Amino acid sequence: MKRALLYLLYFVLVQFFLSWVVYSIWMLASGKSAAYVWSTFCGGNAEAITAPMLITASAVAAVGAAALFIWRRYSVVSPTYLRTRPWGIFFWCAIAALGTIVPSSWLQELLPDMPDYLGDTFKMIVGNDFGYLTLCLLAPLVEELVFRGAVLRSLLGSLGNRWAAITLSAVIFAAVHLNPVQMPHAFLVGLLLGWMYSRTGSILPGVAVHWVNNTVAYALYLLFPYSADMQLADFFGGSTARELMAVGCSLLILLPAIYQLNMRMKPAGR
């Protein structure tokens with residue numbers, strides 16, 4: 001448990017430190033004073049953080065975190081799992097990811113309204129040509145490396161109950177997003193990602209699910225720029241019946257996918 005919390009602390013510190021190194025260098029190189037940089041660090045000058053700065057900082061922080069966790073072997077990286085040719089598993093991971101989106105959104109709308117602290121940040125990233133790199137490629141890989149490959153791996157070794165470890169890792173995964181509106185979906189997906197890691201001992205199935213999930217969010221925003229501010233029912237003309245039908249159809253995708261994954265994934269260590 002203690003080691004898992006240390007991994008989380010390392011990840012947060014690396015993200016924070018490297019992001020602000022990039023921001024500081026960028027602003028100083030743009031002619032801003034040290035006092036201006038400090039004011040921005042203290043919460044002022046919100047307009048100073050532009051999309052290129054945000055994406056560069058995110059990429060540098062992601063690469064830095066991955067380098068630390070691989071170098072220190074907090075998360076073990078090995079080609080062993082790929083040698084099993086798990087292409088069918090990757091396919092069903094993608095199907096499962098698609099099946100989670102509507103039911104998770106529907107469940108979230110049943111909860112009280114939650115603040116969205118990062119909505120503008122998401123729009124900035126998606127609106128930039130390099131947004132896909134950080135949101136859909138680097139983020140899934142690094143977050144799986146940290147939260148499943150290190151945090152959950154440690155919890156599985158220290159807690160006696162597998163599902164207790166998976167649930168706790170999902171709570172940590174949701175909380176680290178620091179955005180209440182994202183937390184319910186992150187928790188539910190975290191359960192799925194944790195279960196897959198506990199069965200395979202590899203982060204790659206989780207990377208596949210994570211990539212599809214983020215790519216769908218990215219594509220939806222590009223196709224429907226106001227989708228980030230829409231309710232699920234808005235996509236179906238405000239019809240509750242159509243919304244429930246969409247939930248049912250998604251479950252008809254999700255449940256067979258989970259069944260297929262359960263049949264195909266070999267328990268870790270076997």
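The following exchange concerns a predicted model of a protein and its helices, cores and surface.

Me: What secondary structure does the protein have, how many helices and how many strands?
Reply: The protein has 10 helices and zero strands. Read from the N terminus, its elements run α-α-α-α-α-α-α-α-α-α.

Me: What is the radius of gyration, and what would a compact globule have?
Reply: The protein has a radius of gyration of 19 Å, which agrees with the value near 18 Å for a compact globule of 270 residues. The C-alpha trace spans about 60 × 50 × 30 Å along the principal axes.

Me: How many of the contacts join residues at least 24 apart?
Reply: If one takes contacts between residues at least 6 apart in sequence, 77% of them join residues at least 24 apart.

Me: Turning to the interior, what share of the residues counts as buried?
Reply: Of the 270 residues, 43% count as buried. The largest nonpolar core holds 50 residues, and Phe69, Phe147, Met196, Val209 and Leu261 touch the most other members.

Me: Which elements give two or more residues to this core?
Reply: They are helices H1 (2-29), H3 (51-71), H4 (87-110), H6 (131-158), H7 (162-175), H8 (183-200), H9 (204-223) and H10 (240-264). Helix H6 gives the most, with nine residues.

Me: And Phe147, what does that residue touch?
Reply: Leaving aside residues up to four places away in sequence, Phe147 touches Leu8, Phe11, Leu152, Ile172, Phe173 and Val176.

Me: Which residues does the second core include?
Reply: The second core is separate and has 16 residues, among them Trp20, Met27, Met53 and Leu135.

Me: Now the outside: what is the accessible surface of the protein?
Reply: The accessible surface comes to about 14400 Å², and 68% of that belongs to carbon and sulfur atoms. One nonpolar surface patch, of about 400 Å², is made by Phe130, Leu133, Leu137 and Trp211.

Me: Where is Trp211 found, and why does Trp211 count as partly exposed?
Reply: Trp211 is found in helix H9. Trp211 counts as partly exposed because its relative accessibility is 37%, and that class lies between the cut-offs of 20% and 50%.

Me: What about Phe16, where does that residue lie?
Reply: Phe16 lies in helix H1. Its relative accessibility is 45%, so Phe16 counts as partly exposed.

Me: How far apart are Phe16 and Tyr132 in sequence and in space?
Reply: The two are 116 residues apart in sequence, and their C-alpha atoms are 21 Å apart in space.

Note on methods
Residues numbered from 1 in each chain as written. Predicted model: local features only at pLDDT ≥ 70, side-chain atom pairs only at ≥ 80, totals over all residues. Heavy atoms only, no water. Core = buried A, V, L, I, M, F, W, Y, C linked by side-chain atoms within 4.5 Å. Buried < 20%, exposed > 50% of the residue type's maximum accessible area, 1.4 Å probe, protein only. Helix = DSSP H or I, 4+ residues; strand = E, 2+ residues; numbered from the N terminus. Contact = heavy atoms within 4.5 Å. Patch = residues over 30% accessible without salt bridge, like charges linked within 9 Å, V, L, I, M, F, W, Y side chains within 5 Å. Areas by Shrake-Rupley, 256 points an atom, 1.4 Å probe, with all protein chains shown as cover. Salt bridge = Lys/Arg side-chain N within 4 Å of Asp/Glu carboxyl O. Rg over C-alpha atoms; globule rule 2.2 N^0.38 Å.
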